[in-house]
Amino acid sequence: MIDVTGLTKFYGPIRALEDVSFSIKSGEIVGLLGPNGAGKTTFLKILTGYLQPDEGTVLVDGLDVQEHTREVQSRVGYLPETAPLYPELSTQGYLQMIAALRLIPEEDRQRLISEAVYATGLEEHLTRPIGQLSKGFRQRVGLAQAILHKPKLLIFDEPTVGLDPTQIVEIRNLIRRLSKHSTVLFSTHILSEVEALCDRAIILINGRVEADARMAELAATSDAILVLQRPVSDARATLSKMALAQTVTSFQSSDGYPALRVHGKPNAASALTPAIYDLARQNGWPVRELRRDVRTLESVFNALALGPEAAEVAA
Ligand code: ATP
């Protein structure tokens, strides 16, 4: 559904995106994660044809966004960070205006508006001016305009920002329901939102894709933490040579001892800790502690956003 290749975008001297590439299949629900300024909004604007990249291409449903902007926009429903609402219009009037702008044939308009209103639970709020609705309901109006034309792809930029906890749950449930009929990509900095909703998370840091993780794979991967009584000069190099190890990082444990995190290869999960135990025994290392540490989206994100050592402190 989405194929991104080598996307780069500068704002003057600021590089907002650097060589971003990935694909999203039809029916996936994907969270685009990243700290402030990571490039999420810039990416979504390019994907929806509102901004031109400096380099690279984006295909949506096989169509190049830059060459076929209108066709792509007709297949996409987009809820930007600030929904383009008109406070003086009623929900009904606003959706009629969007239907006209989307060139939906007149005979289909009322049916599609009714379906969008029903899907977003706006039945009771059709005639009030949008400006008088609560923020949660205004967000629903934004979602209703995004789904009105039954797009194949739904794109939301921080859909729950500024909402109270009850409204957040309602909007998440709504996104979950919408994802049954469309591919969904949304940006957020809320890790639990991605865990609650997504099959997959793409993590952007400083304009680059630093991780692309499937929730199921993440749960199947684990790390092991080895804390030693005193430093052992070749421990890190020895651990790195293990067949099950992907990366090894050193840090200091919270009580000041030299520690190593061994990040296992996919599906190394349960075999990793016993293998480290055997290695430590063979080499006579002064082991203080050895434990399994299940990877979460939070641990992956912190390691990328803060760096491995700072992430250990954050954990
Ligand atoms: P946030 O989570 O804070 O919304 P983001 O991940 O959506 O951030 P972007 O808004 O895409 O990030 O910004 C990426 C970088 O580009 C930032 O350094 C930002 O300051 C810069 N930037 C964004 N828009 C513009 C603009 N119109 N002019 C100049 N720089 C911009």
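1. A residue is called buried here if its relative accessible area is under 20%. By that criterion, 49% of the 315 residues of this protein count as buried. The model is a predicted one, and the remarks below should be read accordingly.

2. Overall architecture. The secondary structure amounts to twelve helices and 14 strands. Taken along the principal axes, the C-alpha atoms occupy a box of roughly 80 × 40 × 35 Å. The exposed surface of the protein is about 15,200 Å², of which carbon and sulfur atoms contribute 51%. Where contacts link residues at least 6 apart in sequence, 67% of them join residues at least 24 apart.

3. Domains. The domain assignment splits the protein into domain 1, covering residues 2-217, and domain 2, covering residues 220-314. Between the two domains, the contact draws 14 residues from domain 1 and nine residues from domain 2. Their C-alpha centres are separated by 39 Å.

4. Ligand shell. The ligand is surrounded by 14 residues, and the closest are Asn36, Gly37, Lys40, Thr41 and Thr42. By character, the shell comprises five nonpolar, six polar and three charged residues. Strand β2 (14-24) and helix α1 (40-47) each provide at least two residues of this shell. Helix α1 gives the most, with three residues.

5. Polar contacts of the ligand. The side chain of asparagine 36 places an N or O atom 2.8 Å from an oxygen atom of the ligand. For glycine 39, a polar backbone atom lies 2.9 Å from a ligand oxygen. The side chain of glutamate 158 has an N or O atom 3.4 Å from an oxygen atom of the ligand. On its own the ligand has 640 Å² of accessible area, and the protein covers 63% of that.

6. Leucine 47. Besides its part in the ligand shell, helix α1 contains leucine 47. Leucine 47 counts as buried because its relative accessibility is 0%. Apart from neighbours within four places in sequence, leucine 47 contacts Ile2, Val58, Val60, Val65, Val72, Ile155 and Leu185. Leucine 47 and alanine 224 are 177 residues apart in sequence, and their C-alpha atoms are 39 Å apart in space.

7. Helix α3. Which residues of helix α3 (residues 91-101) are buried? They are Thr91, Gly93, Tyr94, Leu95, Ile98 and Ala99. In an α-helix there are 3.6 residues a turn, so residues three or four places apart point the same way. The cover over the buried residues of α3 includes α4 (106-119) and α5 (135-147). After α3 comes leucine 103, with a positive phi near 60°.

8. Arginine 172. Is arginine 172 buried or exposed? This residue belongs to helix α6 (residues 165-178). Arginine 172 counts as buried because its relative accessibility is 16%, and the cut-off for burial is under 20%. With neighbours within four places in sequence set aside, arginine 172 is in contact with Ile190, Ser192, Glu193 and Leu197.

How values were computed
Residues are numbered from 1 along each chain as its sequence is written. This is a predicted model: local features need pLDDT of at least 70, side-chain atom pairs count only at pLDDT 80 or more; totals for chains, interfaces and linings use all residues. Side-chain values use heavy atoms; hydrogens and water are left out. Buried means under 20% relative accessible area, exposed over 50%, partly exposed in between (1.4 Å probe, protein chains only). Helices (H or I, at least four residues) and strands (E, at least two) are DSSP runs, numbered from the N terminus. Contact means heavy atoms within 4.5 Å. A residue is near a molecule or strand if one of its heavy atoms lies within 4 Å of it. A polar contact is a pair of N or O atoms within 3.5 Å; within protein, one must be able to donate a hydrogen and the other to accept it, and residues adjacent in sequence count only if both atoms are side-chain atoms. Accessible areas come from the Shrake-Rupley method with a 1.4 Å probe; for residues, only the protein chains shown count as cover. Ala, Val, Leu, Ile, Met, Phe, Trp, Tyr, Cys and Pro count as nonpolar, Asp, Glu, Lys and Arg as charged, and the others, Gly among them, as polar. Domain bounds come from an automatic or database domain assignment.
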